[in-house]
Amino acid sequence: MTRYVIEGARVFDGEQLIGVRTVEVAGARIVAVGAPVPAAAERVDGSGATLLPGLIDAHTHADLDTLGHALRFGVTTEFDLFSFPHKMAAVRRAAAERTDIADVRSSSMGLTAPGGHPTQLHGGLNDPELPTVTRPEDAAHFVDERIAEGADYIKVLIESGKTLGKDVPVVEERIVKAAVAAAHDRDRMVIAHALTIEATRQALAAGVDGFAHLFIDGPCPPELIEAFRAGGAFLTPTLNLLASLTNQHVGADLAGDARVTGRLPQSWLDNLSREFNTFPAGDFDAALAAVKAMHAAGVPILAGSDANHHFGALGMAHGASLHGELRLLVRAGLTPTEALRAATSVPATTFGLHDRGRITPGARADLLLVDGDPTSRIDDTLSIRDVWRSGARAAR
């Protein structure tokens with residue numbers, strides 16, 4: 001069993017900076033924090049650096065290659081929010097066995113209407129036809145099929161196409177309500193895709209547990225914040241996506257960072273530099289203000305990039321874009337420490353993954369060592385010195 005200690009680094013434990021601590025790892029687990037160093041232990045010098053839990057990206061669409069990209073940036077777990085089971089099953093098996101790619105959880109395919117989102121995005125990809133639901137009484141069968149495919153949670157898509165540049169059919173509200181009820185009966189969370197205020201209202205009325213996006217079509221109505229609070233819903237705002245929809249060029253800024261260019265193929269750097277620009281009328285500053293207001297009201301905020309496994313998600317790339325999301329959360333008004341929680345302890349707790357997201361004895365040794373102090377300067381998360389996944393050091 002591999003055993004080593006990381007010493008001399010400041011430790012952000014997933015909740016707060018706890019100062020310089022020695023962290024001991026044995027095999028895949030953290031076994032001690034702040035304990036005396038065993039005499040025979042291998043030592044890793046963390047002087048001048050900060051040790052973080054491995055980052056969690058709460059919204060992606062993953063495959064084997066992109067999970068490898070994620071790990072290079074210290075993202076050790078991804079929550080996939082729409083995938084085809086014939087592809088994801090093999091990805092899940094590999095992620096369970098390997099330590100050179102990020103771990104992954106998945107919703108399998110999301111609930112949509114015939115011809116609804118994301119059908120319009122899959123032309124030429126040779127993907128199978130999406131399952132759809134047209135009657136409330138069929139919603140439970142849809143949920144059962146996704147669970148049989150291995151879904152850890154259920155996704156519903158309430159999307160008219162208003163912000164994406166093409167009108168599409170929208171799933172009926174009563175079908176969404178039936179799906180939420182069926183999922184809850186089977187102990188599964190439901191996460192809603194909603195990019196408008198009206199779609200968000202519908203999802204909250206249906207009782208969803210959280211959101212895969214923030215709306216981008218106007219300032220946040222005060223009553224919507226109260227509805228989030230009353231329903232206990234969490235929010236993964238995907239500010240990267242909203243920036244791309246409204247042509248903010250945040251991906252291009254990342255793609256030009258020397259700490260990014262050496263970790264991504266040129267094709268993904270090119271994708272990161274592009275923009276959707278399908279909703280220039282959207283108010284990105286209002287979206288930032290909405291995140292600030294939601295956070296101030298106690299709505300759990302999770303960091304998610306919406307990076308895809310192909311070049312259709314313009315302005316995003318696995319791993320790099322999560323660091324961009326952290327920057328945007330700070331721009332929205334979260335402190336750097338609060339933004340780091342949004343990519344560590346908060347998603348771990350929200351999704352019931354109690355073995356990660358924190359640096360504590362017994363947790364998985366998913367770790368990220370960065371130069372500097374990202375609890376005071378969030379940009380330092382990209383100054384990566386080392387990454388470990390289940391105790392194994394990732395290739396540099």
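This is a short walk through one predicted model, from its sheet and strands to its aromatic pairs, a pocket and a few backbone details.

I'll start with the sheet. Six strands make up an open sheet of mixed pairing, and the order across it is β3-β2-β7-β15-β16-β17. At the edges sit β3, residues 17–20, and β17, residues 392–393, each of which pairs on one side only. Next to the β3 edge is β2, residues 10–12. Strands β2 and β3 run antiparallel to each other and share two bridges. If you want a residue to click on there, take Arg10, which stands opposite Val20 in β3.

Towards the other edge, look at β16, residues 384–389, which holds Asp386. Is Asp386 buried or exposed? Its relative accessible area is 3%, and the limit for buried is under 20%, so Asp386 counts as buried. Asp386 also has a partner from far off in sequence: its C-alpha lies 9.3 Å from that of Leu51, and the two residues are 335 apart along the chain.

A second pair of strands is β8, residues 55–60, and β9. They pair in the parallel sense, over four bridges. One of the contacts to look up is Ile56, whose bridge partner in β9 is Thr77. Strand β9 is mostly covered, with six of its six residues buried.

Strand β9 brings me to the aromatic side chains. The count for the model is seven aromatic pairs. One of them is Phe79 with Tyr153, an edge-to-face pair at 6.4 Å centre to centre and 70° between the planes. The two come from distant parts of the chain, 74 residues apart: Phe79 sits in β9, residues 75–80, while Tyr153 sits in the loop between α3, residues 139–148, and β11, residues 154–157. Phe79 and Tyr153 are both buried. Another pair is Phe211 with Phe228, which is tilted, with 4.9 Å between the centres and 40° between the planes. What does this pair tie together? Phe211 belongs to strand β13, residues 210–211, and Phe228 to helix α6, residues 222–231, so the pair links parts that are 17 residues apart in sequence. Phe211 and Phe228 are buried as well.

Back to Phe79 and Tyr153 for a moment. Together with Phe234 and Phe351 they form one aromatic cluster. There is also a charge over a ring to mention: the charged end of Arg146 sits over the ring of Phe142, at 4.5 Å from the ring centre.

Now the second largest pocket. It holds about 150 Å³ of space. Its lining includes Leu64, Asp65, His69 and Arg72, then Arg98, Thr99, Asp100 and Ile101, and also Ala394 and Ala395. By class, the lining residues divide into five nonpolar, three polar and four charged.

Two of those lining residues deserve a second look. Ala394 is in the segment after β17. With a relative accessibility of 14%, below the 20% limit, Ala394 counts as buried. The C-alpha atoms of Ala394 and Asp100 are 6.2 Å apart, although 294 residues separate the two along the chain.

Last, the backbone. As background, most residues other than glycine have a negative phi, and most peptide bonds are trans. Which residues go against that here? Asp187 is not a glycine, yet has a positive phi of about 60°. Asp187 is located in the loop between α4, residues 173–185, and β12, residues 190–193. At 71% relative accessibility it is over the 50% cut-off, so Asp187 counts as exposed. His249 is not a glycine either, and has a positive phi of about 65°. His249 lies in the loop between α7, residues 239–245, and α8, residues 250–255. Its relative accessibility of 39% falls between the 20% and 50% limits, so His249 counts as partly exposed.

The peptide-bond item is the link from His117 to Pro118, which is cis, with omega at about 10°. Pro118 is in the loop between β10, residues 103–106, and α3.

That is my list. For browsing afterwards, I would suggest Asp386 in β16, the cluster of Phe79, Tyr153, Phe234 and Phe351, and the cis bond between His117 and Pro118.

Notes. Residues numbered from 1 in each chain as written. Predicted model: local features only at pLDDT ≥ 70, side-chain atom pairs only at ≥ 80, totals over all residues. Heavy atoms only, no water. Pairing = 2+ DSSP bridges. 1 Å grid on protein atoms, 1.4 Å probe; cavity = no way out; pocket = protein on both sides within 12 Å on 5 of 7 lines; lining within 4 Å. Points joined across faces, edges and corners; volume = space filled by probe spheres on them. Nonpolar A, V, L, I, M, F, W, Y, C, P; charged D, E, K, R; others polar. Phe/Tyr/Trp six-rings, centres within 6.5 Å; stacked < 30°, edge-to-face > 60°. Buried < 20%, exposed > 50% of the residue type's maximum accessible area, 1.4 Å probe, protein only. Lys NZ or Arg CZ within 6 Å of the ring centre and 35° of its normal.
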